[in-house]
Amino acid sequence: MTTSRTARILIADDQADVLEALRLLLKGQGYLTESATSPEGIVSALKSKDFDLVLMDLNYSRDTTSGQEGLDVLTILQAMDSALPVVVMTAWGSVNVAVEAMRRGARDFIEKPWENARLIAILRTQIELSRALREGQRLEAENRLLRAEGRPVMIAESPAMQPVLDLIARVGPSDANVLISGEHGTGKEVVARSLHAISERASRPMVTVNAGGLSEGVFESELFGHVKGAFTDARTDRVGRFELADGGTLFLDEIANVSLNLQSKLLRVLESGELERVGSSKTRRVDVRILSATNADLAQEVAAGRFREDLLFRLNTIEIHLPSLRERREDLPLLANYFLRQFSQRYRKHLTGFESGAMQALRDFAWPGNVRELEHAVERAVLMAQCELVRPSDLGLRIGREGAGRIDELSLEDVESLLIKKALARYEGNVSAAADALGLSRSALYRRLRKYGL
Ligand SMILES: Nc1ncnc2c1ncn2[C@@H]1O[C@H](COP(=O)(O)OP(=O)(O)OP(=O)(O)O)[C@@H](O)[C@H]1O
Ligand SMILES: [Mg+2]
């Protein structure tokens, strides 16, 4: 739904033929232009609209060549918006005026009569530079926002989560549609809320609609609304989620479950921003940013003919893939302690942490249900715990799970450290015996014990 905005240039000169020539030249380059014929005109144009650049002559009263009028305007423009690039046009040979203009904040100058190619190159460069500059300011604002409140808590310090954080920071503030993929419980909704919270739509609602579990008809009127009498149960008009999300964000959860028929209706809204409530022919316009989530492989769904490729392209302008908890084990203790604090508070228990065995059990578990499963396990442990520290038995994790079924998800190092732990346990901490059993020298085993912090 978004395109990079066409740049708008304000051109200012007191000669109509100059303005006309510039207008045609810039239009041919795909720019939007507006013109002003006096210093006052420049200022009032800038007050009423946003421009990407001002291209202005320095002389406005007949017969003046001092450039003073233009220089005075420059000072005013600088005070109004110092990030707005201004390029000045000067008469041949008036280098001093050009230098003074640059001193007052003009970004570049061109002598009249200008050479088209050179003028275009200057304008393009200045527009790009100022966009980069504004982008930098935006990123800074985002960083502030990322630290601000109102966003969901998102614990993510592992290397595997770094690309996720980068993407959130970069695309969050934009209007780009984002597809969030990942296994169950990996935090897809947390990401959606974070994206919305740092967007310009943050003060408007984020409306969620879950495509799983609803029949096609019900889901359609959920999305688009219906009018009274549209079907038997439609006793009143109903506003759909798209309209509720107008100006804000619509979060389409479990998008892979949308039927092909509804996929085409969805596609139309995404392409045109237009929809009709079920049973009505009146077309309504909505302005909605779409975030969607799935734990399915949509490319595979497309290949199997179950998901429209054109819809996928509309949804996944940007894709954020969440790693499973197994791929981000560094976050596990942080998450576990965070949940422990949360639930201790909620249930008014005085818990300060995990016994080391309990933390080890958490680390060893495969977490097929990812962060949500961990959250539930910690909640249960908080309820069960009798003393200040959570004990392994409070967690209620099925033991023996770590061996079979999990090994293929482990890295070589994980497997090594697991085997070493098992050997040590079997020989009750006797390093020589464990080293023998593992086929290692004692010193090789000691090196590994240090490496894995055992
Ligand atoms: N990085 C994180 N930091 C803190 N809490 C998290 C994090 N990721 C997930 N959670 C918590 O874990 C639970 C599950 O997260 P969420 O609902 O976002 O997952 P999901 O991917 O949408 O799951 P599903 O596919 O089952 O819908 C939530 O309670 C959420 O607050
Ligand atoms: Mg979810």
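**Overall dimensions, nonpolar cores and ligand surroundings**

The radius of gyration of the protein is 31 Å, whereas a compact globule of 454 residues would have a value near 22 Å. The model is a predicted one. The C-alpha trace spans about 100 × 70 × 45 Å along its principal axes. The secondary structure of the protein comprises 19 helices and 16 strands.

Burial and contacts were then considered for the whole protein. Of the 454 residues, 45% are buried. Among contacts with a separation of 6 or more, 70% are made by residues that lie 24 or more positions apart. The exposed area of the protein is about 23600 Å², and carbon and sulfur atoms supply 50% of this area.

The largest nonpolar core contains 29 residues. Within this core, the residues with the most contacts are Leu223, Phe242, Leu250, Leu252, Ile255, Ile290 and Phe307. Two or more core residues are given by each of the strands S7 (206-210) and S10 (249-253), and likewise by the helices H8 (216-224), H10 (260-272), H11 (298-303) and H12 (309-315). Helix H10 provides the largest share of the core, with 5 residues.

Phe242 was examined in further detail. When neighbours within four places in sequence are left aside, Phe242 is in contact with Leu223, Phe224, Leu250, Leu266, Val269, Leu270, Leu275, Val286, Val288 and Ile290. Of these partners, Leu223, Leu250 and Ile290 are themselves listed among the core residues with the most contacts. Apart from this core lies another one, made up of 26 residues. Its members include Leu351, Ala358, Val378 and Val390.

The surroundings of ligand 1 were described next. Ligand 1 is surrounded by 17 residues, and the closest of them are Ile155, Gly185, Lys188, Arg372 and Glu375. Backbone atoms take part in several of the polar contacts with the ligand. A polar backbone atom of Ile155 lies 2.8 Å from a nitrogen atom of ligand 1. For Gly185, a polar backbone atom is 2.9 Å from an oxygen atom of the ligand. An oxygen atom of ligand 1 also lies 3.1 Å from a backbone N or O atom of Val190. On its own, ligand 1 has 630 Å² of accessible area, and the protein covers 85% of it.

Definitions and conventions: Residues are numbered from 1 along each chain as its sequence is written. Chains are lettered from A and ligands numbered from 1 in the order in which they are written. This is a predicted model: local features need pLDDT of at least 70, side-chain atom pairs count only at pLDDT 80 or more; totals for chains, interfaces and linings use all residues. Side-chain values use heavy atoms; hydrogens and water are left out. A nonpolar core is a set of buried Ala, Val, Leu, Ile, Met, Phe, Trp, Tyr and Cys residues joined through side-chain atoms within 4.5 Å. Buried means under 20% relative accessible area, exposed over 50%, partly exposed in between (1.4 Å probe, protein chains only). Helices (H or I, at least four residues) and strands (E, at least two) are DSSP runs, numbered from the N terminus. Contact means heavy atoms within 4.5 Å. A residue is near a molecule or strand if one of its heavy atoms lies within 4 Å of it. A polar contact is a pair of N or O atoms within 3.5 Å; within protein, one must be able to donate a hydrogen and the other to accept it, and residues adjacent in sequence count only if both atoms are side-chain atoms. Accessible areas come from the Shrake-Rupley method with a 1.4 Å probe; for residues, only the protein chains shown count as cover. The radius of gyration is taken over C-alpha atoms; the globule rule is 2.2 Å times the number of residues to the power 0.38.
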